[in-house]
Amino acid sequence: MGLDGKALVLGGGGVTGVAWEIGLLHGLAEHGVDLTDAGLVVGTSAGSSVAAQLLSGVPLKDLFEAQRDGGGAEISARMGLSALARFVVAGLWPGDPARGRAWLGRQALRARTVPEEERRAVIARRIGGAAWPRTRLLITAVEARTGQTRVFDADSGVPLVDAVAASCAVPLVWPPVTIGGARYVDGGVRSIANADLAAGSDRVVVLAPMTRSVRRSGRPAAQLATLGARVRSVVVSPDAAARTAIGSNPLDPVRRRPAAEAGRAQAAAEADRIRAVWSGVTPG
């Protein structure tokens with residue numbers, strides 16, 4: 001089977017990751033690089049929220065200004081050391097990775113968090129009631145009890161807001177999301193970007209607020225390598241200025257504005273290499 005089309009992969013990274021990705025997308029558009037014409041968009045965690053907004057028809061400038069307005073209705077949170085430790089344990093689980101994910105999922109089912117409906121309402125406000133777009137959109141989540149990956153799309157029969165809420169359900173921080181009688185946690189538990197779902201595309205751009213994963217196989221660069229030598233790809237992550245703007249807590253809505261502005265500023269340095277991949281033309 002031949003390769004065809006362009007894929008945009010949007011990775012996880014909390015509310016600051018949402019802001020940085022939207023800022024970067026807006027800045028790239030200002031430099032003549034429009035990533036909204038992708039034939040496939042893959043969204044994981046924060047990236048699922050960005051994807052839903054990006055494909056909603058709302059102008060990027062308006063999405064960017066919404067990030068600059070501040071925290072809005074977002075709920076402030078922090079991932080404590082205990083939660084981080086359990087993420088590491090799940091990632092290092094020997095043998096079948098799904099068993100490690102299931103262990104973490106069971107911890108999430110027992111965790112005390114805000115009510116599920118309260119969190120869902122935040123996601124609904126964030127994506128503005130968007131419906132599944134015409135562009136092919138894949139949103140990842142992990143079934144909490146089994147650790148199995150679920151990929152939602154327009155044919156899954158699941159409302160977009162529920163798919164995004166599930167993909168953004170950081171274990172031990174936010175409540176697992178109920179869909180069809182099952183409970184789901186963040187798609188980033190499987191991979192921070194799930195770039196391997198772009199298989200079949202010949203050009204892939206990955207925007208990854210976070211690139212580290214306990215399992216090397218879950219990192220964007222490693223997953224892109226599995227797609228084959230014919231695939232042209234690029235991974236963009238926050239530069240030094242953006243990392244400073246984002247700060248140490250990706251779940252802090254106060255950092256949305258500086259993260260968005262840093263993403264927009266970074267676009268100037270990234271535009272040429274992204275354009276080269278997206279256009280399929282090697283720069284002279």
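The following exchange examines helices α1, α2, α6 and α9 in a predicted model.

User: How do you know that the length of helix α6 agrees with what is expected of a helix?

Analyst: Helix α6 comprises twelve residues, 116-127, and at 1.5 Å a residue these should span 16 Å. The C-alpha atoms at its ends lie 17 Å apart, which agrees with that expectation.

User: What makes the buried residues of α6 line one face of the helix?

Analyst: The residues concerned are R119, V122, I123, R126 and I127. Viewed down the axis of α6, the buried residues fall within an arc of 120 degrees, so they line one face of the helix. The general background is that an α-helix has 3.6 residues a turn, so residues three or four places apart point the same way. On the other side of α6, E117 and R125 are exposed.

User: What covers the buried residues of α6, and what follows the helix?

Analyst: The cover includes α1 (14-30), α2 (46-54) and α7 (160-167). After α6 comes G128, which has a positive phi, near 65 degrees.

User: Why is α2 called mostly covered?

Analyst: Buried requires under 20% relative accessible area, and nine of the nine residues of α2 are buried. They are A46, G47, S48, S49, V50, A51, A52, Q53 and L54.

User: Why are α1 and α2 called oblique to each other?

Analyst: Two packed helices are described by the angle between their axes and the distance between the axes. Here the angle is about 40 degrees, and the axes are 8 Å apart. Angles under 35 degrees count as roughly parallel, and 65 to 115 as roughly perpendicular. The packing of α1 and α2 falls in neither range, and the two helices are therefore oblique.

User: Which residues meet where α1 and α2 pack, and is the crossing left-handed or right-handed?

Analyst: From α1, the residues G14, G17, V18, E21, I22 and L25 meet A46, G47, S49, V50, Q53 and L54 of α2. The crossing of the two helices is right-handed.

User: Why is A242 called buried?

Analyst: A242 is found in helix α9, residues 240-246. The relative accessible area of A242 is 0%, and the cut-off for buried is under 20%; A242 is therefore buried.

User: What is in contact with A242, leaving aside its neighbours within four places in sequence?

Analyst: With those neighbours left aside, A242 is in contact with W20, A262 and Q266. A242 and R264 are 22 residues apart in sequence, and their C-alpha atoms are 9.5 Å apart in space.

Definitions and conventions. Residues numbered from 1 in each chain as written. Predicted model: local features only at pLDDT ≥ 70, side-chain atom pairs only at ≥ 80, totals over all residues. Heavy atoms only, no water. Helix = DSSP H or I, 4+ residues; strand = E, 2+ residues; numbered from the N terminus. Expected span 1.5 Å × (residues − 1). Buried < 20%, exposed > 50% of the residue type's maximum accessible area, 1.4 Å probe, protein only. Arc of directions from axis to C-beta. Contact = heavy atoms within 4.5 Å. Axes fitted to C-alpha atoms, helices over the stretch in contact; angles between N-to-C directions. Parallel < 35°, antiparallel > 145°, perpendicular 65-115°, else oblique. Left-handed = near helix turned anticlockwise from the far one by under 90°.
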